Amino acid sequence: MLYPALEVSGVDGDLVAALVDDFSPTAAEQRDDLTTVFFADAASRDLAASALALQCPDAALRSREVDDEDWARRSQENLTPITVGRVTVTPPWHALSGPATAEHDGHIQIVIAPSMGFGTGHHSTTRLCLAALQTLDLCGRRVVDIGTGSGVLAIAARALGAAEAVGLDCDADAIQAANENLGANPHIDHTRMVVGDLRTTHLSPADVVLANLTGSLLAQSAGLLVAAARPGGTLILSGLLMHERDEVVSAFGPQAALLSETAEEGWMCLTFNRMVETRV
């Protein structure tokens, strides 16, 4: 099967990812100065190319069709485990022997297979969210991951002690991949992946809400994301670039208090506490 792809050089790979996010990319691959972004259809790729050409006139762009098997083979050659604190996210061929997600000397291993999607732990925003999760006491807590993608953050939350984890994504293919990854971690229970839209899917308020989206989508969805958390609950938000920080903080400010912020390679993660309403 052939997938439409866009090769971009002369632009930072993370910036490319941010600029094309509105056009539903399905995967990205970085090799030196060359970023290859995959799309579900040629129309989305062409729209992304036009947007990139407008925003980055000096970028070199090339549209092509890529064999999915070739992409998967290259991914298996290049993808290595990523460790953040106590958590190591690993592809199946690098997994330690023994049960997936079992603790080894206090360390947690999560098996995530590469697919035509993000969420293997190699992107800064995923690492920032994994680090933020480990600053919380998740024991007995209910965690909801909005835009779960590969399911890595929902799986990690349960592995770190959450009583229950739910991954929500409007993309059925993403949820299929998330369920496959859940199956690759058989010791993870009380975790489910749900196809749905935050605007229309009923979710019981969570103690912790994760949302690794984009800066614009975080700002637009602030009210819905805050409502997904119980009063006094925690929101961990990432996917925003540093220049989007003030817009996102302002969008959440009326309903949530900023607790902490971290950054890596131009990306940010913000942790908020949903305010508890007081009645006079």
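What share of the contacts in the protein with a separation of 6 or more comes from residues 24 or more positions apart? In this predicted model, such residues account for 63% of those contacts. The protein has 280 residues, of which 49% count as buried, and its secondary structure consists of nine helices and 15 strands.

**Helices α1 and α9**

Helix α1 spans residues 13-20, and its buried residues are G13, D14, V16, A17 and V20. These residues cover an arc of only 155 degrees around the axis, which puts them on the same side of α1. Their cover includes the strands β1 (2-9), β2 (25-31), β3 (34-39) and β15 (267-274), together with the helices α2 (42-55) and α4.

Helix α9, residues 245-252, has V248, V249 and F252 as its buried residues. Seen down the axis of α9, they fall within an arc of 100 degrees, so they line one face of the helix. D246 and S250 are exposed on the other side of α9. The buried residues of α9 pack against the helices α7 (215-220) and α8 (222-227) and against the strands β13 (229-241), β14 (256-264) and β15. Strand β15 thus appears in the surroundings of α1 and also in those of α9. As background to both helices, an α-helix has 3.6 residues a turn, so residues three or four places apart point the same way.

**The α4 and α5 pair**

Two packed helices are described by the angle between their axes and the distance between the axes. For α4 (residues 124-133) and α5 (residues 152-159), the angle is about 20 degrees and the axes are 10 Å apart. That angle makes α4 roughly parallel to α5, because angles under 35 degrees count as roughly parallel. The crossing of the two helices is right-handed. On the α4 side, the contact is made by T126, C129, L130 and L133, and on the α5 side by V152, L153, A156 and A157. By class, the contact has seven nonpolar residues, one polar residue and no charged residues.

L133 belongs to α4 and counts as buried, at 0% relative accessibility. Leaving aside neighbours within four places in sequence, L133 is in contact with L153 and A157, and also with L138, L160, L210 and I236. L133 and T271 are 138 residues apart in sequence, while their C-alpha atoms are 9.7 Å apart in space.

**Single residues at loops and a strand**

Most residues other than glycine have a negative phi. Which backbone sign does H190 show, positive or negative? H190 has a positive phi of about 50 degrees although it is not a glycine, and E265 also has a positive phi of about 50 degrees without being a glycine. The table gives the place and accessibility of each.

| Residue | Loop | Relative accessible area |
|---|---|---|
| H190 | between α6 (172-183) and β11 | 53%, exposed |
| E265 | between β14 and β15 | 56%, exposed |

T191 lies in strand β11, which covers residues 191-195. Is T191 buried or exposed? At 13% relative accessibility, T191 counts as buried, because the cut-off for buried is under 20%. Not counting residues up to four places away in sequence, T191 touches R158, A165 and L182.

Note on methods:
Residues numbered from 1 in each chain as written. Predicted model: local features only at pLDDT ≥ 70, side-chain atom pairs only at ≥ 80, totals over all residues. Heavy atoms only, no water. Axes fitted to C-alpha atoms, helices over the stretch in contact; angles between N-to-C directions. Helix = DSSP H or I, 4+ residues; strand = E, 2+ residues; numbered from the N terminus. Parallel < 35°, antiparallel > 145°, perpendicular 65-115°, else oblique. Left-handed = near helix turned anticlockwise from the far one by under 90°. Contact = heavy atoms within 4.5 Å. Nonpolar A, V, L, I, M, F, W, Y, C, P; charged D, E, K, R; others polar. Buried < 20%, exposed > 50% of the residue type's maximum accessible area, 1.4 Å probe, protein only. Arc of directions from axis to C-beta.
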